[in-house]
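Colleague: Could you take a close look at one part of this model for me? I'd like to hear about the metal site and whatever surrounds it.

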Amino acid sequence: MTNPAARFALPPRSVFEPPSYPNVWFYVHERLVPSHEAAVTLVTGWLRDHCGLTDNFGHWKPPEGSDSQARVGGLQRWVGSADPAFHHAHDLHIRYYYIALRQTGSEWATVEGVGAPSGRYARFAGSVHYEVADEHPLHPSIDDCPYCGRTGSYAQAADLFAGAHEPLGLELLLRGTIRGDLVTRPGGGPAGGIERMQETHAVRITKIRPDKPDMNIVDLAVVLIGPRGA
Ligand SMILES: [Zn+2]
Ligand SMILES: [Zn+2]
C-alpha cells in the first residue's frame, strides 16, 4: 500500500470532533460541480439512488458531530444462532461531515500526481460502519455473527467497532461486498459499491495507511471523482 496521504492533506480529526476519524473521504473535481454544496449533493444523492442510503431512522440518532447521516438496512439476515434472540439483519450506516470544513476554509483541496485529473477538488468526509440493525435490541454488536462479528479474519479484533464494523462498512461502501460476498438489498439492487460510479464518472479509490496519531481507525480510503475523459 502506497501512502500518498500527504498529497491529499487530510484535515485533522479536531476539525469535526467525531469519536472516530472519518474513514472515507470524497473528492469531487471542480469541473463536475459549481460549489461544495453541489459536491455533497452529488455523492450523497448517488449513494441514495444507487445503494439505498437514506436517513430513515425515524427517531433521534446521535450525530456524533456529523451534519447528516444515512443507512441502508435489512441486509444479510443471519438466523444461524440456536437462540432466535440473536437473529438479526444488518445496517450499513454512514455519517457525513462537511459544514466544519467550510467553516475552516478547508473544503477545497488541490490534488496532483495520484493518477487522477489534477486540479481543485471539493471534499467532504464520511464515517461508515456495518452493524446489527438499529432497531434490534442487541444493536450494535453480536460477537459470533459470521457477517458483522468477531469471526473469520476479524476474530482478533480488539475493538469490534474499530476493528471490524468500520473496515466492513468501508468494504461495502467501496466494493459492494462484505468479506468478499456481494450484498443485495431486500428489494433487490446493490447495497454499496461506489466504485460503480465509474459507469458515469472517472473514479479512483486510494487506500491510505491511517498513520497520524488522531486517525483512530484501521482502514482509510479516498474516493476521487472526476469527469470522464479528462
Ligand atoms: Zn451506526
Ligand atoms: Zn451480524
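**The zinc site and its surroundings**

Modeller: Along the chain, the donors of the zinc ion (ligand 1) are spaced as H-x35-H-x1-E. Keep in mind that this is a predicted model. The atoms doing the coordinating are ND1 of His93, NE2 of His129 and OE of Glu131, at 2.0 to 2.1 Å. Since His93 sits in strand β3 and Glu131 in strand β5, the pair ties together parts that lie 38 residues apart in sequence. Both His93 and Glu131 are buried.

Now for the pocket. His93, His129 and Glu131 also turn up in the lining of the largest pocket, along with residues including Lys61, Glu64, Arg95, His139 and Phe161. That pocket holds about 150 Å³ of space, and its lining splits into four nonpolar, four polar and four charged residues. β3 (88-97) and β5 (119-132) each put at least two residues into the lining.

Follow β5 away from the metal and you get to β1, which runs antiparallel to β5 and is joined to it by six bridges. One of the pairings puts Phe26 opposite Phe124 of β5. β1 also has strand β9 (residues 220-226) as a partner, this time parallel, with five bridges; there, Val28 has Ile225 as its bridge partner.

In a regular strand, side chains alternate between the two faces of the sheet. For β1, one side has Val24, Phe26 and Val28 and the other has Trp25, Tyr27 and His29, all buried. With six of its six residues (24-29) buried, β1 is therefore largely enclosed by the rest of the structure.

Notes. Residues numbered from 1 in each chain as written. Chains lettered and ligands numbered in written order. Predicted model: local features only at pLDDT ≥ 70, side-chain atom pairs only at ≥ 80, totals over all residues. Heavy atoms only, no water. 1 Å grid on protein atoms, 1.4 Å probe; cavity = no way out; pocket = protein on both sides within 12 Å on 5 of 7 lines; lining within 4 Å. Points joined across faces, edges and corners; volume = space filled by probe spheres on them. Helix = DSSP H or I, 4+ residues; strand = E, 2+ residues; numbered from the N terminus. Nonpolar A, V, L, I, M, F, W, Y, C, P; charged D, E, K, R; others polar. Donors = N, O, S within 2.8 Å, 3.2 Å for Na, K, Ca; no water. Buried < 20%, exposed > 50% of the residue type's maximum accessible area, 1.4 Å probe, protein only. Pairing = 2+ DSSP bridges.
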